[in-house]
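Colleague: Could you walk me through this model, chain by chain? I would like to hear the reasoning as well as the values.

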Amino acid sequence: MNIKLKLARIEKNLSQQELAELVQASRQTIGLIEKGQYNPSLALCLKIAQSLDKTLDQLFWEEKDD
Amino acid sequence: MTKSPFPMDERTRVIIMRVCTIMYVLTLMALLIDILYRQFVLGQSPDSFNDIAMIYTFNVIILIGAILYFGGVPFLKIRLKPVLALFIVMTVSGTVFTIIKYRLTDPLSIINKFGIIIAIITIFFLIWITAAFFGKRNMEKIL
C-alpha cells in the first residue's frame, strides 16, 4: 500500500478523482496505485509527483528491510 | 479538447494490450487445433484448409519477425547453437508432419518434400535474420 501518496494527496486537499484529472488518468488507476496494486510508469509517477509538489523519492521510494 | 467516450490511461491501455495478446495467441492456437482436427479427425483433404494453414504460417513468420525487429535483439550476440537446434527441430517436425499429412510412403517423394521443407525453413530464417538485422540497426539509430 502506498500510504505516502495517499497522505500527499490528502495534504493537498485533492480527491482521487481530482488527482486523476490532473494527471490524465482514471480514478481507478489512482486508487490502485494507492493500494499498491498497480505499478505506474515513470511518466505517470512524474506527473503525480509534480501535481502534488513532491519528489519521486518522497512519494515512491521504499527503504529496503534488512 | 473533446472527451473520449472511452477514457483511457496507461493502465487501461496495458490491460487492452495484454488481453489482445492473449486473444491473439488463443486464435493462433485455435487455428492450429482446427488444422490438426480437420486433417486427423475429420480426414479432410489438406487442400481444403490450405488457406487456414497459410494464414497461420504468415502470422507466425510476421509475429517472430516483428518481435525480432521491434525488440532490437543484439544481432551479433545471437548464439548459433540454439538457432541451429531450432532449425533442425523445425525441419524434422515439418518433415514428419508432411509425411503424415500427405501419407507419403515412397522414399523419393519423401526426399523431394524434405528438400522443399529445408528451402522453406531457410527462407523463414532468412526473413527473421533480416528482421533482426534491421531491428538492431534501427535501435542503434535511435540510441
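Colleague: Among contacts in chain A between residues at least 6 apart in sequence, what percentage join residues at least 24 apart?

Modeller: Happy to start there, and please keep in mind that this is a predicted model. Chain A has five helices and zero strands, so we are asking about contacts in a run of elements that reads α-α-α-α-α from the N terminus. Counting the contacts of chain A with a sequence separation of at least 6, the share that joins residues at least 24 apart is 51%.

Colleague: Thanks! And what is the corresponding share in chain B?

Modeller: Chain B has four helices and zero strands, in the order α-α-α-α from the N terminus. Of its contacts with a separation of 6 or more, the part owed to residues 24 or more positions apart is 72%.

Colleague: What part of the accessible surface of chain B belongs to carbon and sulfur atoms?

Modeller: Let me set the two chains side by side. In chain A the accessible surface is about 4500 Å², with 50% belonging to carbon and sulfur atoms, and 38% of the 66 residues count as buried. In chain B, buried residues make up 20% of the 143 residues. The accessible surface of chain B comes to about 10600 Å², and the part belonging to carbon and sulfur atoms is 75%.

Colleague: Which helix supplies the largest share of the largest nonpolar core?

Modeller: That core has 15 residues, and A:L5, A:L19, A:V23, A:I48, A:L52 and A:L59 are those with the most contacts inside it. Helix 1 (3–11), helix 2 (16–22), helix 3 (27–35) and helix 4 (42–51) of chain A each supply at least two of its residues. The largest share is three residues, and it comes from helix 4 of chain A.

Colleague: Which residues does A:I48 contact, leaving aside its neighbours within four places in sequence?

Modeller: A:I48 is one of the residues with the most contacts inside the largest core. With those neighbours set aside, the contacts of A:I48 are A:L5, A:L19, A:V23, A:I30, A:I33, A:L59 and A:F60.

Colleague: Is A:E34 buried or exposed?

Modeller: A:E34 sits in helix 3 of chain A. Beyond the residues within four places in sequence, A:E34 is in contact with A:M1, A:N2, A:L5, A:K6, A:R9 and A:Q16. Its relative accessible area is 3%, and the cut-off is under 20%, so A:E34 is buried.

Colleague: How are helix 2 of chain B and helix 4 of chain B oriented, roughly parallel or roughly antiparallel?

Modeller: The axes of helix 2 (residues 50–71) and helix 4 (residues 107–142) of chain B come within 6 Å and cross at roughly 25°. The crossing is right-handed. Residues that meet here include B:I64 and B:L68 from helix 2 of chain B, and B:F124 and B:W128 from helix 4 of chain B. Angles under 35 degrees count as roughly parallel, so the orientation of these two helices is roughly parallel.

Colleague: One last residue: is B:Y24 buried, partly exposed or exposed?

Modeller: B:Y24 belongs to helix 1 (residues 10–41) of chain B. Not counting residues up to four places away in sequence, B:Y24 touches B:N59 and B:L63. Its relative accessible area is 29%, which falls between the cut-offs of 20% and 50%, so B:Y24 is partly exposed.

Conventions: Residues numbered from 1 in each chain as written. Chains lettered and ligands numbered in written order. Predicted model: local features only at pLDDT ≥ 70, side-chain atom pairs only at ≥ 80, totals over all residues. Heavy atoms only, no water. Buried < 20%, exposed > 50% of the residue type's maximum accessible area, 1.4 Å probe, protein only. Contact = heavy atoms within 4.5 Å. Areas by Shrake-Rupley, 256 points an atom, 1.4 Å probe, with all protein chains shown as cover. Core = buried A, V, L, I, M, F, W, Y, C linked by side-chain atoms within 4.5 Å. Axes fitted to C-alpha atoms, helices over the stretch in contact; angles between N-to-C directions. Parallel < 35°, antiparallel > 145°, perpendicular 65-115°, else oblique. Left-handed = near helix turned anticlockwise from the far one by under 90°.
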